[in-house]
Amino acid sequence: MSQCHICHEQIRPFISFGHQPLANAFREKSDSREEYFYEMQVMFCESCKMVQLAKQPDEKKMFHEEYAFYSGTSKRMGDHFSSLAKEFKDNELNDLSDGLLEIGCNDGILLKNFVLEKYRHLGVEPSANVAYVAREKGVQVVESFFNLDTAQKIKKEHGTFKVLFSANVMNHIIYMDDVIEGMNLLLSDGGILVLEDPYLGDIIEKTAYDQFYDEHIYLYSLTSMAHLYGRHGFQLFDVQPQITHGGSMRYYFCREGDRAVHERVSSWMQKEEDLGLYNPTTYDKFRSRCEKSKIDFVNLLTKLKQEGHSIAGYAATAKSTTVTNYCGITSDLISVMYDSTPIKQGRVNPGTHIPVLSDQNFKKDRPDYTVLFAYNHSAEIFEKEAWYKESGGKWIVYVPEVKILS
Ligand code: DWN
Ligand code: SAH
């Protein structure tokens, strides 16, 4: 038994993905230091409806000066955040001094849109390398983990903010009560809190088990979100589904009673009920689908390899670490992974040590089959690498099911 990190009920994990390394700990091939592993178990709390990892490694192990994920690697994600910046400018930030705070701003992919016109803004980012890139773009950054203590310091120096935003970060932090108290302190009267995270409904429907890895401690639904923020006086007043990261949800919160609640909130909660997100048997079925996915994936790769085909991976995502380690896939099955991030290139992937090469090598090598580990960026990658299919190369995906794309 373990304890729910939110409401402290005793709960039992419904699946174990075995021993997993840190999803973004790409290492030198010659590195002889012992690699960190932990058992990755996932559990569902019937009381507060939160799906969560049983344990999370220390945050300083995950987020530091060599953090391997740079948000700006996807052009379409850049477009996604530019259009959100426009929404904030058009609807919420009436005055340049109103203030926008972003928690986990990474390389400034969103906040760079506020620099030229001199909007008052601030990013909070603990990973020094990506924070540096944001600063290079003129973004103001506090290099720190966001928590109540950081919030108190920010309030003293910068005051409060009309909009608080965070994308793909609230699912990374175990001590959420502390974080929400910090946000409460920094939100101006009448202001809003906008959060965006991978959506549990999509993960369950698509058997996207690769959204579970060390950094992702919580996988949110409307219900678990509303419960968590409700405890601190916040009201979920609107939601907007997003296609990003394989299916995400944008949550709009205000202080209780500040704004009218859109009917989308209750209709999405009904959808969650219909999908069985509050029912433990849903998670037992999910476990069976994960086990089947693993067998199907390994069988397909083994068959192709036995037939003499070359197989590579495209994009050494954090998600791919869960898949390769859960399925036990080494360079015997996937000889190499191509990725556009310089810090990952020339290294090996965490745990199963598949070499990672620059995406520049993809065309030169022209593998027969390529597993698309960044299926969430499929539109962008298929456009960029259109030559691959035209030359007879075949893409493999494993979400929502293992298949060779025709
Ligand atoms: O939550 C998180 C999300 C936002 O980003 C973090 N914890 C970690 C990271 O997860 P991920 O690594 O699964 O993210 P992506 O965006 O699915 O993958 C990005 C990787 O794909 C990068 O290594 C770059 C690579 N890539 C590429 O090689 N060519 C990406 C694109 C778009 C490309 O064209
Ligand atoms: N918002 C970006 C980055 C998401 S990756 C995007 O959507 O693309 C997660 C980011 O959260 C990393 O940059 C990591 O350094 C940061 N992070 C992790 N813990 C944090 C904390 N306690 N406070 C602020 N940022 C944090």
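How many aromatic pairs does the count come to? In this predicted model, the count comes to 30 aromatic pairs. A good place to start is Tyr36 and Tyr38, whose ring centres are 6.3 Å apart with planes at 25°, so the two are stacked. Their surroundings are worth a look too: Tyr36 has 30% relative accessibility and therefore counts as partly exposed, whereas Tyr38, at 8%, counts as buried. Phe44 and Tyr283 also form a stacked pair, because their planes meet at 25°, with ring centres 4.6 Å apart. Since Phe44 belongs to strand β4 (residues 38–44) and Tyr283 to helix α9 (residues 280–306), this pair ties together parts that are 239 residues apart in sequence. Both Phe44 and Tyr283 are buried, and ring pairs link them into a cluster with Phe14, Phe17, Tyr209, Phe212, Phe286 and Tyr326.

Charged groups meet rings as well. The charged end of Arg120 sits over the ring of Phe161, 4.8 Å from the ring centre, and Lys271 lies over the face of Trp268, at 3.9 Å from the centre of that ring.

Turning to ligand 1, 25 residues surround it, and Glu215, Lys319, Asp339, Lys344 and Lys384 come nearest. The shell has eight nonpolar, 11 polar and six charged residues. Helices α10 (318–327) and α12 (378–384) each supply at least two of its residues, with α12 giving the largest share, three residues. Oxygen atoms of ligand 1 lie 2.5 Å from a side-chain N or O atom of Lys319, 2.6 Å from a polar side-chain atom of Lys344 and 2.9 Å from one of His216. The protein covers 97% of the 710 Å² of accessible area that ligand 1 has on its own.

Conventions: Residues are numbered from 1 along each chain as its sequence is written. Chains are lettered from A and ligands numbered from 1 in the order in which they are written. This is a predicted model: local features need pLDDT of at least 70, side-chain atom pairs count only at pLDDT 80 or more; totals for chains, interfaces and linings use all residues. Side-chain values use heavy atoms; hydrogens and water are left out. A residue is near a molecule or strand if one of its heavy atoms lies within 4 Å of it. A polar contact is a pair of N or O atoms within 3.5 Å; within protein, one must be able to donate a hydrogen and the other to accept it, and residues adjacent in sequence count only if both atoms are side-chain atoms. Accessible areas come from the Shrake-Rupley method with a 1.4 Å probe; for residues, only the protein chains shown count as cover. Helices (H or I, at least four residues) and strands (E, at least two) are DSSP runs, numbered from the N terminus. Ala, Val, Leu, Ile, Met, Phe, Trp, Tyr, Cys and Pro count as nonpolar, Asp, Glu, Lys and Arg as charged, and the others, Gly among them, as polar. Rings of Phe, Tyr and Trp (its six-membered ring) pair if their centres lie within 6.5 Å; planes under 30 degrees apart count as stacked, over 60 as edge-to-face and the rest as tilted. Buried means under 20% relative accessible area, exposed over 50%, partly exposed in between (1.4 Å probe, protein chains only). A charge sits over a ring if NZ of Lys or CZ of Arg is within 6 Å of the ring centre and within 35 degrees of the ring normal.
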